[in-house]
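Ready for some practice in reading a protein model? Work through each exercise yourself before you look at the solution.

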Amino acid sequence: MEEKLSSVAKTLTPSPIQQLSYLAQRCNAINLAEGFPDFPAPSNIKDAAVSAINSDFNQYRHVQGICEYVACKMEQMQGIDVNPLTDVVICCGQSEAFAATMFAIIDRNDEVILFDPSYETYHTCIRLAGGVPVYVPLDPPYWKLDPDKFIKSFTAKTKAIVLNSPHNPTGKVFTKDELEMIAGACRTWDILAVTDEVYEHITFDLEKHISLAALPKMQKRTIVTSSLSKTFSVTGWRIGWAIAPASIASAIRNIHTKVTDSAPAPFQEAALTALRSPPEYFDSLRRDYESKRDFIVELLAKVGFPMQFKPMGSFFVFAELPESCSLSDVEFVEELIKQAGVVAVPGCGFFHGSSSPSVLSYQSRCIRFAFCKSADTLSVAGKRIADLVKDAGHLKLF
Ligand SMILES: Cc1ncc(COP(=O)(O)O)c(C=O)c1O
């Protein structure tokens, strides 16, 4: 029956991490692969969810209070005026907000510009909506956006650009200059921007998250997507949102209603408690992740990774293998699972075949480590990795 699948569905293959997860399970490997915390969510938020279930919030639901808080946060953090009645749509996580956005704005053969490497789900959503992903490589090792490569990617068919900052997998936070370059191109070519801001509260070293929507004349052409998932360590609750000009928000809302009807009702109720968290909550989230970032960066540097680029946001390190390592990223992760009992993600799954030779050489040379793990998990993983260091002072695998 495979011939009955849609042409896009036929191209969907398991990511390298799905293929390695069986080996990881067999070796009982510590999971530094997947981007979800292994520590508990804040107890007041969990209590709010339990209380919502006990209060029988069991039916389809739209909790307008979430829109009010989201609008208020955009005002406070980005200085932009969002109408909570018309401009915010509650969805099942950023993932559904992004998919619904693509269905709302993309026609067949519209081109959508993305950066390479990038989070894997954008590509599939764009394809399912009939669009054509066009990749602009970010230049390693600092993952800079090259103006020439960027400008050359626009054509008369370009409909939108996708920006994820802070960035998965690299931990890059796009600079003000880069954001201005992107905003300038959106205005010149009269295209939309779709941002993924799920790591908006996880930035380091005094780096501040700036939404593209906050740049001059960008709010009217930007769809911001984000969620509770990363900020409150509740990736399984599936509460997210899209913020967009009213006519686009209305289309996203219609699609959301037809596809899922509503996000989980008890967790929408709990979102009200989460979004009311005091500034100290966000400060301590940042501080905790910054010290986890420092721990893992130091560990990887000590065992021989070059570590030229230190993540400025998100909870990932995208570490390049040293030249002395003859293994590919997939082979390295296989050996790391077998020899150290630690699993990470081979970087190749985040790349989409940019033609630039400098990037091509990188595509099988990066390993993504997720540090959204408890101090205990990180320290056991650290010890296991450090145990693989041979006399020369670097990993046996290099
Ligand atoms: C960049 C990025 N966007 C979106 C998501 C998924 O967000 P959500 O749980 O809100 O669907 C992830 C999860 O790993 C991510 O890394």
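Here are four short exercises, each followed by a worked solution. The model is predicted, so local features need pLDDT of at least 70 and side-chain atom pairs count only at pLDDT 80 or more, while totals for chains, interfaces and linings use all residues. Residues are numbered from 1 along each chain as its sequence is written.

**Exercise 1.** Find the largest nonpolar core and the helix that gives the largest share of this core.

*Solution.* Start with the term: a nonpolar core is a set of buried Ala, Val, Leu, Ile, Met, Phe, Trp, Tyr and Cys residues joined through C-beta atoms within 7 Å. A residue is buried if 20 or more other C-beta atoms lie within 10 Å of its own, exposed if 12 or fewer, and partly exposed in between; C-beta atoms are placed from the backbone. Next, look at the result: the largest core has 73 residues, and Trp241, Ala242 and Ile243 are among those with the most contacts inside it. Helix H5 (residues 93-105) gives the largest share, seven residues. Helices (H or I, at least four residues) and strands (E, at least two) are DSSP runs, numbered from the N terminus. Apart from this core lies another, of 42 residues, including Ala33 and Phe315.

**Exercise 2.** Describe the shell around the ligand.

*Solution.* First, list the neighbours: 13 residues surround the ligand (C-beta atom, placed from the backbone, within 6 Å). Gly93, Gln94, Ser95, Ser227 and Ser229 come nearest. Then sort by element: H5 gives the most to this shell, with three residues. Finally, sort by class: two are nonpolar, 10 polar and one charged. Here Ala, Val, Leu, Ile, Met, Phe, Trp, Tyr, Cys and Pro count as nonpolar, Asp, Glu, Lys and Arg as charged, and the others, Gly among them, as polar.

**Exercise 3.** Locate the cis peptide bonds that end at Pro117 and Pro169.

*Solution.* Take Pro117 to begin with: a cis bond joins Asp116 to Pro117, with omega about 10 degrees. Pro117 sits in the loop between strand S3 (111-116) and helix H6 (121-128). Now move on to Pro169: the bond from Asn168 is cis, with omega near 15 degrees. The loop that holds Pro169 runs between strand S6 (158-164) and helix H8 (176-189).

**Exercise 4.** Is Asp261 buried or exposed, and what is its phi?

*Solution.* Count first: Asp261 has 11 other C-beta atoms within 10 Å, so Asp261 is exposed. Then read the angle: phi of Asp261 is near 70 degrees, a positive value in a residue other than glycine. Asp261 lies in the loop between helix H9 (246-259) and helix H10 (265-275).

Terms used
Near = placed C-beta within 6 Å.
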